[in-house]
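Here are my notes on the model, point by point. Have it open while you read, since I jump between chains.

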Amino acid sequence: MASSFKTRAKLEKNYFGYIFIAPFFITYLIFQLTPLINTIRYSLTNAKAWYMDPNQNFDFVGLDQFKAVLEDKFFKEAYYNTPVMWIMGFIPQILIALLLASWFTNEKIRVKGQGFFKVVFYMPNIMTAATIGILFLAFIRSNGFIHNICVSIGYVKDERYAINSEWFGRGIVAFINFWMWYGQTMIVLIAGIMGINPSFFEAASIDGASGWQSFWKITMPLVKPILLYSLVTSLIGGWQMFDVPNMFAEGDNHAAFSRDVTTLVMYIKKLAYTGQFQVGKACAASVLLFATTAVCSLILFYIMGDHSEAKAKRLEKKRAKQAAMEGGDY
Amino acid sequence: MANYGQAGQGMKGGYHARILAVKILVYIVCILLTVMALMPFVIMVFNASKSRFEINAARLDWAPDIKNSLAVSLLPSKHFIENAKYLLKDGVLHLPFLTGFRNSFLIAAGATLLQVYFSALTAYGFAIYNFKLNKPLYGFIMAIQMIPSQVTIISFIEMMYKWGLTNSFIPLIVPAIAAPSTVFFLRQYMSSALSKEMVEAGRIDGASEFGIFNRLVLPILMPGIATMAIFAMVTAWNNYLLPSILLDDLDKQTVPQLVAKLNGNKYSTEFGAIYFGLTLSAAPLVVFYLLLSKYIIAGVALGGVKE
Amino acid sequence: MNKLKRVLCGTLALAMAASMMAACGGDDSSSSGSGNSGDNSGSNGDKKTVKVYTFTEETQTMLDIFKKDEANKAIVDKYDFDIVLEATASNYIQKVASALSSDADAPDLFLADADYAQQFAAYENTASLADLGITLNESDYYTYVLDFTSVDGVRKGVSHQAAAGAVLYRRDIAEEVLGSGEPEEVQKAMSDWTKFEETAGKMVDKGYYMISGIDELKRCFMNNRDGAWVQDGKYYCDTATVTQYLELTKRLADSKATNYVDKTQWTPNWYNGMNGTSNVFCYFGCTWYLHYTIKPNCVLTKTGEADKDGNPQAAEADYVDGNGTFGKWGLIPGPAGYFWGGTWWFGSKQAVSRGTSEAVAAVISYFCVNDASMEAYMKQTGDFPSKKTVAAKLTSDTNSSTYKFLAGQDHYVLLKDAADKINVKTCSQYDDTFNTALDDATVAFVGGTSLEDVLQDIEDAAASAGFTVE
């Protein structure tokens, strides 16, 4: 009797879940669903940009656009550049962020002025890609500060020559991404670490655990959900990388290595906004990009193993079973 | 405690030396990163004080002496006021920068608050309640953040024109309610910072479901929310593409739009004033960040609340 | 806890205030949007509003001139002009395209740079000049001005400028290297590409650079192909000309005749060649370039900073011999004719249905059709007109800084002929795509990639952009 009452109460409360998530979904349905459906629908057509063809005369072409995208050499290049640049930037980003986060939350080191450092490390993220573009383009252009260094160490033949090495281009994009985002990742991780109950650390300290030990045994496992968040959002952001490399490729004076830093979203944008305004093909490429991101994310989730979820689920099942058994008893 | 003291005594000297070494390393790394992070800002602010000729000249002073070239580009000059005047008053521009700041603030503040509040609400809904569609709907949220916005935005703009929502802040504020990645973060954050027992305790005290969320849960989530608020604010403040297409009226335009106008057209070379505009537009974000960083740092103290 | 709560309440209140204000903003536009399209123009007293979309500040200056002229009083009394400026090209294009498809938000009058003027002309809702009620005598114009924005024989846009290309060179360097700094003699040394290259060799021997960067010759060569990149949706490459361009550029770069082995246009390095900081012999310029780009950038010290108002001629006091390279320049036709840029004016079909086309036509006519007002504007700015009839009347003012900049050469004489030679058969509305592809190809080729490979890259770019490749 008691348990059945409890179950019903729980059911009623659980109904609130729908109310809590409703604003999100209503807003999404109003503002984003049509664009989402259009993206998928157009990927199967030869649609052009709607302003070039206001009456939207397009045909259903099946998977032709996907075929066209997969055969396009520029798609293949972009499909290579994008993850390469992401990984080049992400590895130092997550490592430095973890290091800083563990230092700043370590009671024993007690970094003085850490408030200042946290603020400063995040600052590059405040700037827009356009601003950073103006600065870095000026640096790498002939006579720029980075260019001058390259000349004096002999990386560039002489001062007349532009930096046009593909790996330099990818490297600088990766560097800017790292530089813009490690502070953000650090803050996320600090927020995660600070969400950990301080008594865990106290207990560990009492047990004589070293800073290193408590980091690996307490911080890492508990910060895992946040780490997973950082990984997944960075992965998604990585596959959708656009702002930073685009500033090297757009405009009258784009960098010599612009083609080597072309990412998938840049490729997609080019399809939709220039040439024949091939929105259909752009949407097909978007769907492929989406599929890639989804697969990569699933792999990450699998590797990182969201155990807390699984555990909760198992527990829930157990409870439900118990409740059912009790119900049977009754 | 006593045990700890005994065990620690033997290695006390080495322990302190190690801590000291780590500390030195920490400060070296932090100072290096600080220089790296601040350099563009310094250059930006100093360039804001230069005439366009000085900016050009700085890039010219190239090797043999790199130090010299750096010094030239790093030193401030005296044209700060001139550039400020050009930007705010003189020139053909007559751009309403104060109105621009008001607009940007309204949009950024509105979008940020809606985004963090409703994301927290959504994340909480997923974290605490076991409704039937919990998993699939959460999966849906995870999936939609993987859709590249560069393509869907074409369709979004088309829709806003059809609905007559041009020259309105609604398309720039209201969609922020549905922010998948913020939901994702807060959901993850809750899994370490929030326990169901706490919610149960609230229920036993007779609080309503919304009451529990607003009065009990939100304060606990504050470090996470502050973190997301900063990111949301920065994104909304720096947003350029959508406002530039949807906002025509000069008195509705945002700071990034006005800064972009400094470029006038591609033949313009008023670099000094552009840098000044960039500096000005980044300043509110720095202030906002300094204000919120207190809550992030206060996270430790707040963590204790949940005991 | 309490403090937090207060902060939270405060922020929520702010959010509500913000969204309420946003809602009010929304109300404005939706109420005007829901009315018929005529209402949208909004009424300010009895005046109708003419919405103008532009990418350049110059439009504001021009409309001010229009309003000041007593002859336009009838229009000015009836209409307000509301200018919307968007300087980023890609955003401007998307903005115009989006707005044009909406009855409520479409601009009445909109302008285009040469890069996308053909695309704007192709839009469904771009009105023809005839629809707007603009009549013009076509034979008065340099033919390319009208041809450029014609779609299937329908004239859709018109420009107030003709942007004929011409080469600017340093007289002092010519005198030292070629023996004479006079335009006739220098033109002889650069009358075709073979001689151009020979001269470049002589420049290198004396320690000068022929041109600034590897993108300097692009426009000149591309305007002299035997056909556009895209014809009837099919990709076409004038392989001979493109090859000639790539190979010449590479030889110049390798022989140190270019100041930089990099694209330099619109960069500080480019300007530093103009003011003599590095010794670049010549620039491939054009009409507006003369007074808008090279003259203001040839001086090293500029004192008129405080009263600058966007007008490039503002700092007249600095235009004195000995300041930078001022007074050391000459103008010649160069190895081949070409054009560069220009601003085209369009009206929308919505303007016709709203009844604002009268004002649109009046503005366009004022700058692009009426001889007298066009001539006045050209005299004021030093720009070059789109009408031969106006060009015939113009001579350089011997007191003007442009005249002194060219060491006493009348640039109108030369540009009149140059404008007549412009051929827009080489232009298509897709040139943007190919300019990028060609830039990439140039960089790759100069860097050592084989000719076959870079030509293949251009072809692949065409295929990727959706054109038929055979």
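1. A definition before anything else: a nonpolar core here is a set of buried Ala, Val, Leu, Ile, Met, Phe, Trp, Tyr and Cys residues joined through C-beta atoms within 7 Å. Buried means that 20 or more other C-beta atoms lie within 10 Å of a residue's own; 12 or fewer makes it exposed, anything in between partly exposed, and the C-beta atoms are placed from the backbone. With that in hand, the largest nonpolar core has 317 residues, and those with the most contacts inside it are A:Leu189, A:Ala285, B:Tyr124 and C:Ala164. Helix α8 (residues 166-194) of chain A supplies the largest share of this core, 18 residues.

2. Some housekeeping. This is a predicted model, in which local features need pLDDT of at least 70 and side-chain atom pairs count only at pLDDT 80 or more, while totals for chains, interfaces and linings use all residues. Residues are numbered from 1 along each chain as its sequence is written, with chains lettered from A and ligands numbered from 1 in the order in which they are written.

3. On to the chains. Helices (H or I, at least four residues) and strands (E, at least two) are DSSP runs, numbered from the N terminus. Chain A has 14 helices and 0 strands, whereas chain C comes to 23 helices and 13 strands. Buried residues make up 49% of the 330 residues in chain A; for the 470 residues of chain C the figure is 52%.

4. Contacts next: two residues are in contact if their C-beta atoms, placed from the backbone, lie within 7 Å. Take the contacts between residues at least 6 apart in sequence: 71% of those in chain A join residues at least 24 apart, and in chain C it is 74%. For a single example, A:Leu189 touches A:Ala97, A:Leu98, A:Ala101, A:Val223, A:Ile226 and A:Ser230, leaving aside its neighbours within four places in sequence.

5. What does the A/B interface look like? In it, 82 residues of chain B are in contact with 88 residues of chain A. On the chain B side, helix α2 (residues 12-47) gives the most, with 13 residues. By class, that side has 55 nonpolar, 22 polar and 5 charged residues (Ala, Val, Leu, Ile, Met, Phe, Trp, Tyr, Cys and Pro count as nonpolar, Asp, Glu, Lys and Arg as charged, and the others, Gly among them, as polar).

6. Helix α13 (residues 239-254) of chain C deserves a look. Its 16 residues reach 22 Å from first C-alpha to last, close to the 22 Å expected at 1.5 Å a residue (the expected span is 1.5 Å times one less than the number of residues). C:Val242, C:Tyr245, C:Leu246, C:Thr249, C:Leu252 and C:Ala253 are buried in α13(C). Seen down the axis of α13(C), these fall within an arc of 135°, so they line one face of the helix; the arc is that of the directions from the helix axis to the C-beta atoms. They pack against α11 (193-205), α12 (218-222), α22 (431-446) and α23 (451-464) of chain C. The face turned away carries the exposed residues C:Thr239, C:Ala240, C:Glu247 and C:Asp254.

7. Helix α18 (residues 371-381) of chain C has C:Ser373, C:Met374, C:Tyr377, C:Met378 and C:Thr381 buried. Down the axis of α18(C), its buried residues fall within an arc of 135°, so they line one face of the helix. Their packing partners are α3 (58-68), α17 (357-368) and α19 (388-393) of chain C, while exposed C:Ala372 and C:Gln380 sit on the face turned away from the buried side.

8. Which backbone angles would I check? C:Gly382, just after α18(C), takes a positive phi of about 80°. Phi is also positive in two residues other than glycine: near 65° for C:Lys256 and near 55° for A:Phe277. C:Lys256 lies in the loop between α13 and α14 (268-274) of chain C and counts as partly exposed, with 16 C-beta neighbours inside 10 Å. A:Phe277 lies in the loop between α12 (264-273) and α13 (279-304) of chain A, and is buried, with 23 other C-beta atoms within 10 Å.
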